[in-house]
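Colleague: Hey, got a minute to walk me through this one? I'm new to reading structures, so keep it plain.

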Amino acid sequence: MKKLGIIYGGISTENEVSEMSAKSVIENLDKEKYEIHEIYISKYGKWYEVKENKKEEIYNLIWYLKDLDIVFPVLHGIGGEDGTIQGMFEMLQIPYVGCGVLASSVGMDKVYTKIIFEKAGIPQTKYVYVKRENNTYKIVDENFDEEELKIEKITKKLKFPMFVKPSNSGSSVGVKKATNVEELKLAIENAGQYDTKILVEQAIEGKEVECAVLQDGKNIIASTVGEIMSAEEFYSFDAKYNMPESKTLIPANIKNEQIEEIRKLAIKAFKAIDGKGLSRVDFFIEKETNKIYINEINTMPGFTKISMYPKLFEKVGISYSELLDKLIG
Ligand SMILES: Nc1ncnc2c1ncn2[C@@H]1O[C@H](COP(=O)(O)OP(=O)(O)O)[C@@H](O)[C@H]1O
Ligand SMILES: [Mg+2]
């Protein structure tokens, strides 16, 4: 039997989301195949072993982790999905599920994801890169030259509405839509509270769709495409987790050719960041033009039984437990 560590919680704003994902993973793992060790990281970065719902602090973390055969970091966001914990596993030589250091950190950082996708020729929305230094904001151009931020520089390049996001974020935390200059300024200041790197993007009006990617041995496969029917104007934190009116539609209500195109782009995006194991790749389809734009790649997507990632594979005949076996395998 394999000693499998399931790590969840974490220091990011997605601590509770990760806990939900992990509970689902643990519930659906084959207990005959795996000796499961539940490991919880608190919001403050303390590590605990969880046994029969009781938490006991782990004092010798290195020793504890080295005793496991493999770990599955079911962690979202900073400190879990951004390459830092993956770096620790590499140093300790502990096999782990999912993307490595580079893919995780590139996928987590929205500005750097854009730079890689641009290089790969994957269509994406126009954007402006803003940097905060203490309380001043700078605009960073294609040559990485910085100059003082003037709002006109953004409005010259992008049209309203725009989306403003902290570069390192997830679950829509810190993401705001701006429809005028006043809102744009506030949205930049808001995003600046979460990160020093800020991404301002042209908004796309249309459908929001997602495609799951899985590395199955040597093959990289893409699922079908699912559509988000958000209960709010955009897929905010509440719309994602607190509003049952938000629905998903699998497969998406789009033409077959578009599903095929998105599946290809999803695999391309996965390869472009040097992905391993799994990722969920998110896209927009513009209403007016039917054009496809990539939005982002999530290297550790939501993993509850009703999350988009496992549901997309379930639709194409790979069950939740099978998916877990493949990932751990
Ligand atoms: N350029 C955009 N056009 C339209 N909607 C957007 C755009 N960027 C983000 N959104 C909306 O905001 C949500 C969160 O943004 P996203 O970039 O996916 O961040 P997160 O990593 O937090 O999920 C998206 O699911 C979508 O509903
Ligand atoms: Mg998203």
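Modeller: Sure, one term before we start: two residues are in contact if their C-beta atoms, placed from the backbone, lie within 7 Å. With that rule, and not counting residues up to four places away in sequence, Leu-4 touches Tyr-34, Glu-35, Ile-36, His-37, Leu-68, Asp-69, Ile-70, Phe-72 and Ile-328.

Colleague: Before I trust that, where do the model and the numbering come from?

Modeller: This is a predicted model, where local features need pLDDT of at least 70 and side-chain atom pairs count only at pLDDT 80 or more, while totals for chains, interfaces and linings use all residues. Residues are numbered from 1 along each chain as its sequence is written, with chains lettered from A and ligands numbered from 1 in the order in which they are written.

Colleague: Ok, back to Leu-4. Is Leu-4 buried or exposed?

Modeller: Leu-4 counts as buried, because 22 C-beta neighbours lie inside 10 Å. The rule is that a residue is buried if 20 or more other C-beta atoms lie within 10 Å of its own, exposed if 12 or fewer, and partly exposed in between, with C-beta atoms placed from the backbone.

Colleague: And which strand is Leu-4 in?

Modeller: Leu-4 lies in strand 1. Helices (H or I, at least four residues) and strands (E, at least two) are DSSP runs, numbered from the N terminus.

Colleague: How many helices and strands does the chain have?

Modeller: The chain has eleven helices and 16 strands. Buried residues make up 42% of its 329 residues. The C-alpha trace spans about 60 × 50 × 35 Å along its principal axes.

Colleague: What radius of gyration would a compact globule with 329 residues have?

Modeller: It would be near 20 Å, and the chain has 20 Å, so the two agree. That radius is taken over C-alpha atoms, and the globule rule is 2.2 Å times the number of residues to the power 0.38.

Colleague: Let's do helix 1. Which of its residues are buried?

Modeller: In helix 1, Asn-15, Val-17, Ser-18, Met-20, Ser-21, Ala-22, Ser-24 and Val-25 are buried. They pack against strand 1 (2–9), strand 5 (70–73), helix 8 (237–241) and helix 11 (320–328).

Colleague: Why the steps of three or four in that kind of list?

Modeller: An α-helix has 3.6 residues a turn, so residues three or four places apart point the same way.

Colleague: And how far apart are the end C-alpha atoms of helix 1?

Modeller: They are 20 Å apart, which agrees with the 20 Å that its 14 residues should span at 1.5 Å a residue. The expected span is 1.5 Å times one less than the number of residues.

Colleague: What about helix 10, what do its buried residues pack against?

Modeller: They pack against strand 12 (206–216), strand 13 (219–229), strand 14, strand 15 and helix 11. The buried ones are Met-308, Tyr-309, Pro-310, Leu-312 and Phe-313. Just after helix 10, Gly-317 takes a positive phi of about 95°.

Colleague: Any odd backbone spots besides glycine?

Modeller: Asn-53 has a phi near 65°, a positive value in a residue other than glycine. Asn-53 sits in the loop between strand 3 (47–51) and strand 4 (54–57), and is exposed because 6 other C-beta atoms lie within 10 Å. There are cis peptide bonds too: one joins Phe-160 and Pro-161, with omega about -5°, and another joins Ile-250 and Pro-251, with omega about -5°.

Colleague: New topic: how is the chain divided into domains?

Modeller: It is divided into domain 1 (2–97), domain 2 (107–122 + 205–328) and domain 3 (127–202). Those bounds come from an automatic or database domain assignment. The centres of domain 1 and domain 3 are 34 Å apart, taken over C-alpha atoms. Their contact takes seven residues from domain 1 and four from domain 3.

Colleague: Last one: which residues come nearest to ligand 1?

Modeller: Of the 18 residues around ligand 1, Phe-163, Ala-203, Ile-204, Phe-234 and Tyr-235 come nearest. Here a residue is near a molecule or strand if its C-beta atom, placed from the backbone, lies within 6 Å of it. Strand 9 (162–166), strand 15 (278–286) and strand 16 (292–298) are the elements that give two or more residues to that shell. The shell draws at least three residues from each of domain 2 and domain 3.
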